[in-house]
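Got a few minutes to walk through a fold? Pull up the sequence and the model, and keep both in view while you read.

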Amino acid sequence: MYQQETIKPYHEGEKAKQVEAMFDNIAPTYDTLNHRLSWDIDRSWRKRAIKTLAPHHPQIILDIATGTGDFAILSAQMLKPVKLIGTDISEGMMKIGKEKVERLGLEQTISFEKEDCLHLSYEDNSFDAVTAAFGIRNFADLDKGLKEMCRVLKPGGHLSIVELTTPVSFPMRPLFRLYSHSILPLYGRLISKDGNAYSYLTKTIEAFPQGERMMDILRQAGFSQTSFRRLTFGICTLYTATK
């Protein structure tokens with residue numbers, strides 16, 4: 001068990017149910033907070049992740065922990081796949097994603113489905129690419145979730161993940177710690193009205209395995225050709241791998 005798997009947003013209940021409730025609670029303000037708290041840099045992180053897939057021209061894509069669909073929408077616009085499925089446990093988040101997809105006229109390409117990331121309903125070898133942005137650190141069982149992502153990926157298919165991480169070098173490490181422990185939870189509490197959500201998110205960022213350790217975890221899940229690149233002084237990390 002990894003440290004972040006023991007961290008929960010609230011006091012009662014299993015982690016998956018608590019995470020679902022948390023994201024349902026903050027769904028109406030999630031996009032605003034996400035962009036403001038990252039100074040809109042999160043958009044460039046998603047683009048970097050999607051560009052790693054462009055040379056492979058994936059036609060059927062699965063976006064895990066899709067949330068309000070930002071990664072799915074950008075992937076559809078940049079990669080032009082035939083089919084893209086966004087999955088999440090939060091109906092509240094996906095409701096907003098569906099509204100955005102309809103406004104953009106992308107409903108023929110993008111669909112949303114409620115799925116448990118630890119028990120995906122899709123058959124083996126179903127997708128050309130699997131993606132995830134800022135979601136895998138919420139898995140109740142990281143190893144199991146990654147193995148499921150590998151299972152549904154076609155042989156030779158590609159994985160692209162972006163995840164928030166803790167900077168490793170001075171002065172960004174102490175600056176990020178100050179920001180994540182003071183400004184982020186305070187602002188998140190004021191806007192989202194959920195006092196626990198952004199404190200929880202900060203704790204999971206700090207606890208989540210990163211860098212070389214994450215490479216080992218991906219290989220143990222069945223992936224090969226693993227690599228990572230720290231973005232924006234290490235605030236975010238891009239992970240890529242192949243099945």
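Here is a quick tour of the sheet, the helices and a few residues worth a look.

Keep in mind that this is a predicted model. At its heart for this briefing is an open sheet of seven strands with mixed pairing. Two helix pairs get a closer look too: H2 with H3, whose axes come within 10 Å, and H3 with H4, whose axes are 10 Å apart.

**The sheet**

- Reading across the sheet, the strand order is S3-S2-S1-S4-S5-S7-S6.
- Which strands sit at the edges? They are S3 (110-114) and S6 (224-231), and each of them pairs on one side only.
- Ignoring direction, neighbouring strands in this sheet are turned by 15° against each other on average.
- Strands of a sheet pair through backbone hydrogen bonds, and they can do so parallel or antiparallel.
- S5 (residues 153-164) and S7 (residues 236-242) run antiparallel, with seven bridges joining them.
- If you want one pair to find on screen, take Glu 163, whose bridge partner in S7 is Thr 237.

**Helices on the sheet**

- Helix H5 (residues 142-152) packs on the sheet and touches S1, S4 (127-133) and S5.
- The direction of H5 makes about 140° with that of S5.
- Helix H8 (residues 212-220) lies across S5, S6 and S7, and runs at about 150° to S6.

**H2 against H3**

- The axes of H2 (residues 41-51) and H3 (residues 70-79) cross at roughly 50°, so the two helices are oblique to each other.
- The crossing of H2 and H3 is right-handed.
- What does H2 bring to this contact? Its side consists of Arg 43, Arg 46, Lys 47, Ala 49, Ile 50 and Lys 51.
- Across from them, H3 supplies Asp 70, Phe 71, Leu 74, Ser 75, Met 78 and Leu 79.
- Sorted by class, the residues of the H2 and H3 contact are six nonpolar, one polar and five charged.

**H3 against H4**

- H3 packs against H4 (residues 91-104) at an angle of about 25°, so H3 is roughly parallel to H4.
- This crossing, too, is right-handed.
- From H3, the contact uses Asp 70, Ile 73 and Gln 77, while H4 offers Lys 100, Val 101 and Leu 104.
- The class count for the H3 and H4 contact is three nonpolar, one polar and two charged residues.
- Asp 70 turns up in both contacts: it is listed for H3 against H2 and for H3 against H4.

**Buried residues to click on**

- Asp 42 is part of helix H2. Its relative accessible area is 1%, so Asp 42 counts as buried.
- Not counting residues up to four places away in sequence, Asp 42 touches Asn 34, His 35 and Phe 134.
- Pro 58 lies in the loop between H2 and S1 (60-64). With 4% relative accessibility, Pro 58 is buried.
- Beyond its neighbours within four places in sequence, Pro 58 contacts Leu 53, Leu 79, Pro 81, Asp 128 and Ala 129. One of these, Leu 79, is also on the H3 side of the contact with H2.
- Pro 58 and Val 82 are 24 residues apart in sequence, and their C-alpha atoms are 8.6 Å apart.
- Is Glu 115, in the loop between S3 and S4, buried or exposed? Glu 115 is buried, because its relative accessible area of 12% falls under the 20% cut-off.
- Leaving out neighbours within four places in sequence, Glu 115 is in contact with Thr 87, Asp 88, Ile 89, Leu 120, Ser 121 and Tyr 122.

**Backbone oddities**

- Most residues other than glycine have a negative phi, and most peptide bonds are trans.
- The peptide bond between Phe 170 and Pro 171 is cis, with omega about 5°. Pro 171 is in the loop between S5 and H6 (172-192).
- Ala 65 is not a glycine, yet it has a positive phi of about 55°. You'll find Ala 65 in the loop between S1 and H3, partly exposed at 24% relative accessibility.
- Phe 233 also has a positive phi, near 65°. This residue is in the loop between S6 and S7, and at 63% relative accessibility Phe 233 counts as exposed.

Terms used: Residues are numbered from 1 along each chain as its sequence is written. This is a predicted model: local features need pLDDT of at least 70, side-chain atom pairs count only at pLDDT 80 or more; totals for chains, interfaces and linings use all residues. Side-chain values use heavy atoms; hydrogens and water are left out. Axes are lines fitted to C-alpha atoms, for helices over the stretch in contact, and angles run from 0 to 180 degrees between N-to-C directions. Helices (H or I, at least four residues) and strands (E, at least two) are DSSP runs, numbered from the N terminus. Angles under 35 degrees count as roughly parallel, over 145 as roughly antiparallel, 65 to 115 as roughly perpendicular and the rest as oblique. A crossing is left-handed if the near helix is turned anticlockwise from the far one by less than a right angle, and right-handed if clockwise. Contact means heavy atoms within 4.5 Å. Ala, Val, Leu, Ile, Met, Phe, Trp, Tyr, Cys and Pro count as nonpolar, Asp, Glu, Lys and Arg as charged, and the others, Gly among them, as polar. Buried means under 20% relative accessible area, exposed over 50%, partly exposed in between (1.4 Å probe, protein chains only). Two strands pair if DSSP finds at least two bridges between them.
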